[in-house]
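Visitor: Before we look together, I would like to hear the reasoning behind the words used for this model, with each label set against its criterion.

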Amino acid sequence: MSKVTTIGLDLAKNVFHVVCCDARGKRVGKKVLRRGQLLQYFANLPPSLVGMESCASASYWARELQALGHTVKLIPPALCAGQQE
């Protein structure tokens with residue numbers, strides 16, 4: 001697997017979706033994780049940029065991931081949904 005540099009994290013109540021990309025933006029991994037698996041999974045990844053939609057639990061997860069050495073960027077929900085007509 002290529003070196004992971006950027007991760008997209010979709011938060012939900014119980015099941016989270018993780019997409020890992022390399023420095024060129026190519027997807028190098030995709031995983032579905034339960035809440036209890038999330039921190040262990042990220043602990044085994046190299047420090048990366050993690051993007052996630054800002055929501056009620058996003059600040060908590062951001063702090064947890066930052067404690068593991070990752071850089072977290074919270075994205076406003078309006079930008080995640082795209083342009084709706």
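Guide: What follows is a short conversation about a predicted model, taken label by label.

Visitor: Why is His70 called buried?

Guide: His70 has a relative accessibility of 4%, and because buried means under 20%, His70 counts as buried. The residue lies in the loop between helix 2 (58-67) and strand 5.

Visitor: What makes the pair formed by the side chain of His70 and the backbone oxygen of Phe42 a polar contact?

Guide: A polar atom of the His70 side chain lies 3.0 Å from that backbone oxygen, and a polar contact requires a pair of N or O atoms within 3.5 Å, so the distance meets the cut-off. Leaving aside residues up to four places away in sequence, His70 also touches Leu45, Pro46, Pro47, Ser48, Val50 and Leu65, besides Phe42 itself.

Visitor: How do you know whether Ser48 is buried or exposed?

Guide: The value for Ser48 is 5% relative accessibility, and since the label buried applies under 20%, Ser48 is buried. Ser48 is found in the loop between helix 1 (38-43) and strand 4, and its contacts, with the same sequence neighbours left out, include Val4, Thr5, Thr6, Ile7 and Thr71 as well as His70.

Visitor: What makes strand 4 and strand 5 a pair?

Guide: Pairing asks for at least two bridges between two strands; five bridges join strand 4 (residues 49-53) to strand 5, and the two run parallel, so the criterion is met. Within this pair, Gly51 has Lys73 of strand 5 as its bridge partner.

Visitor: Why is strand 5 called an edge strand?

Guide: In the open, mixed sheet of five strands, ordered 3-2-1-4-5, strand 5 (71-75) pairs on one side only, as does strand 3 (27-34).

Methods: Residues are numbered from 1 along each chain as its sequence is written. This is a predicted model: local features need pLDDT of at least 70, side-chain atom pairs count only at pLDDT 80 or more; totals for chains, interfaces and linings use all residues. Side-chain values use heavy atoms; hydrogens and water are left out. Helices (H or I, at least four residues) and strands (E, at least two) are DSSP runs, numbered from the N terminus. Buried means under 20% relative accessible area, exposed over 50%, partly exposed in between (1.4 Å probe, protein chains only). A polar contact is a pair of N or O atoms within 3.5 Å; within protein, one must be able to donate a hydrogen and the other to accept it, and residues adjacent in sequence count only if both atoms are side-chain atoms. Contact means heavy atoms within 4.5 Å.
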